[in-house]
Amino acid sequence: MSVQTSKGQHSRKIIMWTLAVLILAAIGIGSYLSVSRDNNPIPAALRSQLSFSPFVVPKDAKEYTTTDYKFITAENNVKTLSYLIHTTSNTISVQEQSQPLEFTEIAEYKDRFLNNVAQQYDTVQTSNGIIYLGRLARQNDKQTGIIIERGLLVFMSPDKELNASQWRNLGDQLEIQKIVN
């Protein structure tokens, strides 16, 4: 009987070790998949064209979705990423580009831009920096949020005006998507 008991205990140990290895492998694979999951909403074909790391709303954002990503070269060879952010009650058009050198090379340029071009009337502090609220004359005095942070110049134009709390919430949702070329 001791030989059978020993064989039974040996079989149970093998089963237990096999289960432990399978459980650890499942945990490892699950962890890898959750960490390596692509949370970047920019289509891969556009990502390869980008020359800067843009602010975007991640795929898993609860209150926002994004669509219509386009990457164009505008006048003066300025490369611009544009897309739409959708909420339950609003659509926000976003255009962003690398920050022009004038913002860092010319003293007072940022202030003049915000006062004269953006017609700034307020600011909203977010975890990603300040959103300057203005009314662009070229856009029929429509409300526009502008971010001048992390080497980017971002324009956000909502269909319907946003209040400070809505701007803060939107700004807090944005993430930099690192572009590796």
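This report walks through the fold, strand pairing, cores and a few individual residues of a predicted model.

## Overall make-up

Let's begin with the chain as a whole. The protein chain contains five helices and nine strands. Read from the N terminus, these elements follow the order α-α-β-β-β-β-α-α-β-β-β-β-α-β.

Of the chain's 181 residues, 34% count as buried. The accessible surface of the protein chain amounts to about 11400 Å², and carbon and sulfur atoms account for 54% of that area. As for contacts between residues at least 6 apart in sequence, 45% of them link residues at least 24 apart.

## Strands β3, β4 and β8

Strand β4 is a good place to start looking at the pairing. Strand β3, residues 79-86, pairs with strand β4, residues 91-98, in the antiparallel sense, and seven bridges connect the two. Between β3 and β4 there is a hairpin of four residues. If you would like a spot to zoom in on, tyrosine 83 has valine 94 in β4 as its bridge partner.

Strand β4 also pairs with strand β8, residues 152-158; these two run antiparallel and are joined by seven bridges. Here, glutamine 97 has leucine 153 of β8 as its bridge partner.

Serine 157 is another residue to visit in strand β8. Its relative accessibility is 8%, under the 20% cut-off, so serine 157 counts as buried. Leaving aside residues up to four places away in sequence, serine 157 touches Thr91, Ile92, Ser93, Gln139, Lys142, Gln143 and Thr144.

## The nonpolar cores

Now to the interior. The largest nonpolar core has 28 residues, and the members that touch the most others are Leu81, Tyr83, Ile85, Met156, Trp167 and Leu170. Two or more residues come from each of β1 (55-56), β2 (65-73), β3, β4, β6, β8 and α5. Separate from this core is another one, of ten residues, which include Phe103, Tyr132, Leu136 and Ile146.

Leucine 170 gives a closer view of the contacts. Not counting residues up to four places away in sequence, leucine 170 touches Val57, Tyr64, Ile85, Ile92, Met156 and Leu162. Ile85 and Met156 are thus contacts of leucine 170, and both are also listed among the core members that touch the most others.

## One salt bridge

How many salt bridges does a search of the whole structure find? The search finds one. Arginine 135 forms a salt bridge with glutamate 161, and their closest N and O atoms are 2.7 Å apart. Arginine 135 lies in strand β6 (residues 129-136), while glutamate 161 lies in the loop between β8 and α5 (164-173), so the pair ties together parts that are 26 residues apart in sequence.

Is arginine 135 buried, partly exposed or exposed? Its relative accessibility is 23%, so arginine 135 counts as partly exposed.

## Two positive phi angles in loops

Finally, the backbone has a couple of places to check. Asparagine 77 is not a glycine, yet its phi is positive, at about 60°. Asparagine 77 sits in the loop between β2 and β3. With 57% relative accessibility, asparagine 77 counts as exposed.

Arginine 150 also has a positive phi, near 50°, and is likewise a residue other than glycine. You will find arginine 150 in the loop between β7 (142-149) and β8.

Technical notes. Residues numbered from 1 in each chain as written. Predicted model: local features only at pLDDT ≥ 70, side-chain atom pairs only at ≥ 80, totals over all residues. Heavy atoms only, no water. Buried < 20%, exposed > 50% of the residue type's maximum accessible area, 1.4 Å probe, protein only. Contact = heavy atoms within 4.5 Å. Areas by Shrake-Rupley, 256 points an atom, 1.4 Å probe, with all protein chains shown as cover. Pairing = 2+ DSSP bridges. Salt bridge = Lys/Arg side-chain N within 4 Å of Asp/Glu carboxyl O. Core = buried A, V, L, I, M, F, W, Y, C linked by side-chain atoms within 4.5 Å.
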